[in-house]
Amino acid sequence: MYQEIQSISIDSTISSLPTYQVSVDIHTSGQTVYDFFKQQPSLPGVILIHQNKVAGVISRRLFFERVGRLFGVETYLKRPILVMLDSINAQPLILEGECPIDKAAQASLARPRDLVYEPIIIQILGDPQPHLLDSYILLLAQSHLLT
């Protein structure tokens with residue numbers, strides 16, 4: 001992944017960064033999302049879809065934070081992931097794939113402190129599926145551009 005970041009230039013956009021395409025319907029069980037995270041240790045989050053539109057994103061960090069709480073397994077793993085999304089109540093950052101890396105980094109860092117490192121949803125022109133960008137990768141790319 002670091003090799004891909006080294007090949008970016010000042011004109012690169014966020015669509016040139018490594019992304020993930022993992023989305024589930026909001027009625028998918030929390031256990032299924034748990035299984036996604038267990039199978040893919042580098043997965044930063046899962047995009048939640050409702051009626052073919054982005055409903056939100058659940059990051060790995062927030063998912064395991066909620067599941068690790070008292071009664072978290074009963075509350076979140078045995079119910080639809082929508083229950084967790086409702087408890088988080090945060091709007092995801094959605095950017096166009098043609099957004100320059102520096103502008104995307106500014107937008108990411110402008111979020112409230114507890115959401116700065118949450119994944120970013122990218123809509124890439126010509127691709128109907130949303131992509132998920134790890135904010136750490138974005139900040140690493142921005143750092144690479146500044147050196």
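Here are some questions and answers about this predicted model.

Q: Which residues of helix α5 are buried, and why do they line one face of the helix?
A: Helix α5 covers residues 81-88. Seen down its axis, the buried residues fall within an arc of 100 degrees, so they line one face of α5. The buried residues themselves are I81, M84, L85 and I88.

Q: What covers the buried residues of α5?
A: The cover draws on both strands and helices, and it includes β1 (23-25), β2 (45-50) and β3 (53-59). Helices belong to it as well, among them α2 (30-39), α3 (60-67) and α4 (72-77).

Q: Which residue just after α5 takes a positive phi?
A: Look right past the end of helix α5. The phi there is about 50 degrees, and the residue is N89.

Q: Why are the buried residues of α2 on the same side of the helix, and which residues are they?
A: In α2, the buried set can be read around the helix axis. These residues cover an arc of only 60 degrees, which puts them on the same side of α2. They are G30, V33 and F37.

Q: Which residues are exposed on the other side of α2, and what do the buried ones pack against?
A: On the other side of α2, K38 and Q39 are exposed. The buried residues of α2 pack against three strands and three helices: β1, β2, β3, α3, α4 and α5.

Q: How many aromatic pairs does a search of the whole structure find, and what is the angle between the planes of F37 and F63?
A: The search finds five aromatic pairs. One of them joins F37 and F63, with a centre to centre distance of 5.2 Å. This pair is tilted, and the angle between the planes is 55 degrees.

Q: How many residues apart are F37 and F63?
A: F37 sits in helix α2 and F63 in helix α3, so the pair links distant parts of the chain. Both rings are tucked away: F37 is buried at a relative accessible area of 1%, and F63 is buried at 0%. Along the chain they are 26 residues apart.

Q: Is F64 buried, exposed or partly exposed?
A: F64 forms an aromatic pair with F63 that is edge-to-face, 5.2 Å centre to centre with 85 degrees between the planes. F63 is buried. F64 has a relative accessibility of 28%, so it counts as partly exposed.

Q: Which residues form one aromatic cluster?
A: F37 and F63 form a pair, and F63 also pairs with F64. Add a tyrosine, and the cluster is Y34, F37, F63 and F64.

Q: How much space lies in the largest pocket, and what lines it?
A: The lining is P41, S42, L43, P44, S59, R60, R61, Y117, E118, P119, D134 and Y136. By class, that gives six nonpolar, two polar and four charged residues. The space in the largest pocket is about 150 Å³.

Q: What is the volume of the largest cavity?
A: A search of the whole structure finds one cavity of 30 Å³ or more. The largest cavity is lined by V57, L62, I88, A90, Q91, P92, R111, L115, E118 and P119. These divide into seven nonpolar, one polar and two charged residues. The volume is about 80 Å³.

Q: Is L70 buried or exposed?
A: L70 has its place in the loop between α3 and α4. Its C-alpha is 18 Å from that of P80, ten residues away in sequence. With a relative accessible area of 73%, L70 is exposed.

Definitions and conventions:
Residues numbered from 1 in each chain as written. Predicted model: local features only at pLDDT ≥ 70, side-chain atom pairs only at ≥ 80, totals over all residues. Heavy atoms only, no water. Buried < 20%, exposed > 50% of the residue type's maximum accessible area, 1.4 Å probe, protein only. Helix = DSSP H or I, 4+ residues; strand = E, 2+ residues; numbered from the N terminus. Arc of directions from axis to C-beta. Contact = heavy atoms within 4.5 Å. Phe/Tyr/Trp six-rings, centres within 6.5 Å; stacked < 30°, edge-to-face > 60°. 1 Å grid on protein atoms, 1.4 Å probe; cavity = no way out; pocket = protein on both sides within 12 Å on 5 of 7 lines; lining within 4 Å. Points joined across faces, edges and corners; volume = space filled by probe spheres on them. Nonpolar A, V, L, I, M, F, W, Y, C, P; charged D, E, K, R; others polar.
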